[in-house]
Amino acid sequence: MTSPARASSRRLHVACIMDGNGRWAKRRGLPRTAGHTAGEEALAGVVRAAAQRNVGWLTVFGFSTENWVRPPSEIRHILGLHRKLFGRIDELNANNVRVNWIGRPFDEPYARTPKSVQRAIVQAIDDTKHNTGMVLTVAFDYGSRAEIVRAVTRAHHTSISAINAELYDPTLPPVDLLVRTSGESRVSNFLLWQAANARVYFTDCSWPDFGAAQLDDALALVST
Ligand code: IPE
Ligand code: IPE
Ligand code: MG
């Protein structure tokens, strides 16, 4: 396996569909919420590891436009974990990570991000805005088809560059590597436009068990 330290110095855009929290918990006889808690901790570890490798952009699927149908108690727990994630400011600053967010814009009719998460997102973006290292983009209340429909509607003409300019964050570079954990080989409405030419890495590893070693295995796909 290629050592990431020796690999190309090009800064990569890695996107993760963090799946399998519920099954991870079930296998341990724990409630699904325990899986989400472990998943948030795994993410903190992956952010640290990615920031130390040649990853310039890490984009993670935190909560989809389809996930609102889950039981209210599970959603409440996940919302709390996002506040926790966006509250890890000291850690993010220590790793020179700049926080970013994509999802249905707060002031638009179908947007569903609750005020408390909105505040945490805005605060984290502001508290990390001077960092110059990796950009951590959390997709929350995000769905790629909604993003593309909105971009096409707003674009001045139907060219790739005009549509690109109307995506939630047009500064995100194309995805180099798309990772999905927990054995599902589907892309579930995540970054369909941005990942048009991405390498795709599916692993049976559950998200709560995904760490630096698993990230290195995934990066080996694009680092040779
Ligand atoms: C991913 O884990 C977390 C979110 C979608 C918020 P899941 O909750 O989908 O876990 P599984 O897929 O049911 O195991
Ligand atoms: C994808 O996982 C969404 C997130 C990781 C936030 P899901 O578990 O919601 O996806 P499906 O239902 O298997 O497509
Ligand atoms: Mg799932």
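Trainee: Which backbone atom is 2.9 Å from an oxygen atom of ligand 1?

Mentor: Start with the cut-off: a polar contact is a pair of N or O atoms within 3.5 Å. In this predicted model, a polar backbone atom of Gly-22 lies 2.9 Å from an oxygen atom of ligand 1. Asn-21 also offers a polar backbone atom, 3.2 Å from a ligand 1 oxygen. For Gly-20 the distance from a polar backbone atom to an oxygen of ligand 1 is 3.4 Å.

Trainee: How much of the accessible area of ligand 1 does the protein cover?

Mentor: Take the ligand on its own, then ask what the protein covers. Ligand 1 alone has 380 Å² of accessible area, and the protein covers 86% of that. The space that ligand 1 takes is the largest pocket.

Trainee: Which residues are around ligand 1?

Mentor: Read the shell along the sequence. Met-18, Asp-19, Gly-20, Asn-21, Gly-22 and Arg-23 are among the residues around ligand 1. The shell also includes Arg-32, His-36, Gly-62, Asn-67, Arg-70 and Ile-78.

Trainee: Which helices supply at least two residues of that shell?

Mentor: Map the shell onto secondary structure. Helix 1 (21-27) and helix 2 (32-51) each supply at least two residues. Helix 1 gives the most, with three residues.

Trainee: How do the residues of the shell around ligand 1 divide into nonpolar, polar and charged?

Mentor: Sort by residue class. The shell around ligand 1 has two nonpolar, six polar and four charged residues.

Trainee: Now ligand 2. Which side chains have an N or O atom at 3.1 Å, 3.4 Å and 2.7 Å from an oxygen atom of ligand 2?

Mentor: Apply the contact reading to side chains. Arg-186 has a side-chain N or O atom 2.7 Å from an oxygen atom of ligand 2. For Asp-19 that distance is 3.1 Å. For Arg-70 it is 3.4 Å. The protein covers 77% of the 390 Å² of accessible area that ligand 2 has on its own.

Trainee: Where does the largest share of the shell around ligand 2 come from?

Mentor: Strand 2 (residues 55-64) gives the largest share, three residues. Phe-61, Gly-62 and Phe-63 are among the residues around ligand 2. So are Ile-17, Met-18, Asp-19, Asn-67, Arg-70, Arg-180, Arg-186 and Ser-188. By class, the shell around ligand 2 holds four nonpolar, three polar and four charged residues.

Trainee: Which pocket is the space taken by ligand 2?

Mentor: Match the ligand to the pocket list. The space taken by ligand 2 is the largest pocket. The space taken by ligand 1 is also given as the largest pocket.

Key
Residues numbered from 1 in each chain as written. Chains lettered and ligands numbered in written order. Predicted model: local features only at pLDDT ≥ 70, side-chain atom pairs only at ≥ 80, totals over all residues. Heavy atoms only, no water. Near = heavy atom within 4 Å. Polar contact = N/O pair within 3.5 Å; in protein donor to acceptor, adjacent residues only side chain to side chain. Areas by Shrake-Rupley, 256 points an atom, 1.4 Å probe, with all protein chains shown as cover. 1 Å grid on protein atoms, 1.4 Å probe; cavity = no way out; pocket = protein on both sides within 12 Å on 5 of 7 lines; lining within 4 Å. Sits in = over half its atoms within 2 Å of the grid points. Helix = DSSP H or I, 4+ residues; strand = E, 2+ residues; numbered from the N terminus. Nonpolar A, V, L, I, M, F, W, Y, C, P; charged D, E, K, R; others polar.
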